[in-house]
Amino acid sequence: CAQIFELGFFNADPHPGNVALRFDESTGTARLLLLDWGWTHRLTTAELRGWRDLALALYDSDVDRAAKALAALGYKTNQDERDKARNVHFMAFILRDASDQETARRETKERMTAIRDRMKADKEAGVREKGGRKIQG
């Protein structure tokens with residue numbers, strides 16, 4: 001978060017192979033080295049504002065404000081007109097703090113199952129979508 005909200009840029013590839021320590025034997029200290037900055041992005045003022053607005057809106061559970069922030073960031077799906085809360089809830093899910101890999105996998109599987117079930121129910125009810133438009137069958 002500090003990369004985005006304080007510095008205005010982030011490394012989109014932070015895996016263990018891109019991190020190293022440099023030891024200074026004379027002082028007994030170590031410095032963190034971040035390697036491979038090929039996948040970095042400096043946020044524009046508008047992007048920074050959008051991500052900050054989104055974070056605060058999600059924290060406050062404010063669907064309308066979060067939907068506006070997503071739109072300002074250019075996030076658009078076929079759910080925008082149908083149910084803007086779906087985008088907000090999905091983004092909140094993606095940005096959640098998963099405590100560990102096992103929990104993240106379980107939660108993702110549950111989420112995708114719920115989405116599949118909702119799509120099946122829509123299909124059974126004769127609801128189809130094409131190009132973001134809801135079509136009653």
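**Close-up views of a predicted model**

Asparagine 18 is buried, its relative accessible area being 7%. This residue of the predicted model sits in the loop that links β1 (9-11) and β2.

**View 1. Surroundings of asparagine 18, a residue of the β1-β2 loop.** When residues up to four places away in sequence are set aside, asparagine 18 touches Asp13, Leu33, Leu34, Leu35 and Asp36. One of these contacts, Leu34, also belongs to the nonpolar surface patch of View 2.

**View 2. A nonpolar patch on the surface formed by Val19, Leu21, Phe23, Leu32, Leu34 and Trp37.** Together these residues present about 600 Å² of accessible area. Two or more residues of the patch come from each of β2 (19-24) and β3 (29-34). Strand β2 gives the most, with 3 residues. Phenylalanine 23 lies in strand β2. Its relative accessibility is 62%, and phenylalanine 23 therefore counts as exposed, the cut-off being over 50%.

**View 3. The largest nonpolar core, made up of 8 residues.** Its members are Leu54, Ala57, Ala66, Ala67, Ala69, Leu70, Val88 and Met91. The elements α2 (45-59), α3 (63-72) and α4 (84-94) each give two or more residues to this core. Helix α3 has the largest share, with 4 residues. For alanine 69, a member of the core, the contacts beyond four places in sequence are Gly50, Asp53 and Leu54.

**View 4. Serine 61 in the loop between α2 and α3.** Serine 61 has a phi near 55 degrees, a positive value in a residue other than glycine. Most residues other than glycine have a negative phi. With a relative accessible area of 64%, serine 61 is exposed.

**View 5. Salt bridges of arginine 65 with aspartate 60 and aspartate 62.** The closest N and O atoms are 3.1 Å apart in the pair of arginine 65 and aspartate 60, and 3.9 Å apart in the pair of arginine 65 and aspartate 62. Arginine 65 is partly exposed at 32% relative accessibility. Aspartate 60 is partly exposed as well, at 46%, and aspartate 62 has a relative accessible area of 28%, which also counts as partly exposed.

**View 6. Helix α5 (residues 101-124) and its salt bridge between glutamate 110 and arginine 106.** The helix has 24 residues and spans 34 Å from its first C-alpha to its last, close to the 34 Å expected at 1.5 Å a residue. Its buried residues are Thr103, Ala104, Ile115 and Asp122. The closest N and O atoms of glutamate 110 and arginine 106 are 3.4 Å apart. Both residues lie in α5, 4 residues apart, about one turn of the helix. Glutamate 110 is partly exposed, with a relative accessible area of 47%, and arginine 106 is partly exposed at 44%. Elsewhere, the salt bridges of View 5 share partners and join Asp60, Asp62 and Arg65 into one network. The structure holds 3 salt bridges. Just after α5, glycine 126 takes a positive phi of about 85 degrees.

**View 7. The whole chain, with 5 helices and 6 strands.** From the N terminus on, the elements follow the order α-β-β-β-β-α-α-α-α-β-β. Of the 137 residues in the chain, 19% are buried. The chain exposes about 10,400 Å², of which carbon and sulfur atoms supply 54%. Among contacts with a separation of 6 or more, 38% join residues 24 or more positions apart.

Technical notes. Residues numbered from 1 in each chain as written. Predicted model: local features only at pLDDT ≥ 70, side-chain atom pairs only at ≥ 80, totals over all residues. Heavy atoms only, no water. Core = buried A, V, L, I, M, F, W, Y, C linked by side-chain atoms within 4.5 Å. Buried < 20%, exposed > 50% of the residue type's maximum accessible area, 1.4 Å probe, protein only. Contact = heavy atoms within 4.5 Å. Expected span 1.5 Å × (residues − 1). Patch = residues over 30% accessible without salt bridge, like charges linked within 9 Å, V, L, I, M, F, W, Y side chains within 5 Å. Areas by Shrake-Rupley, 256 points an atom, 1.4 Å probe, with all protein chains shown as cover. Salt bridge = Lys/Arg side-chain N within 4 Å of Asp/Glu carboxyl O.
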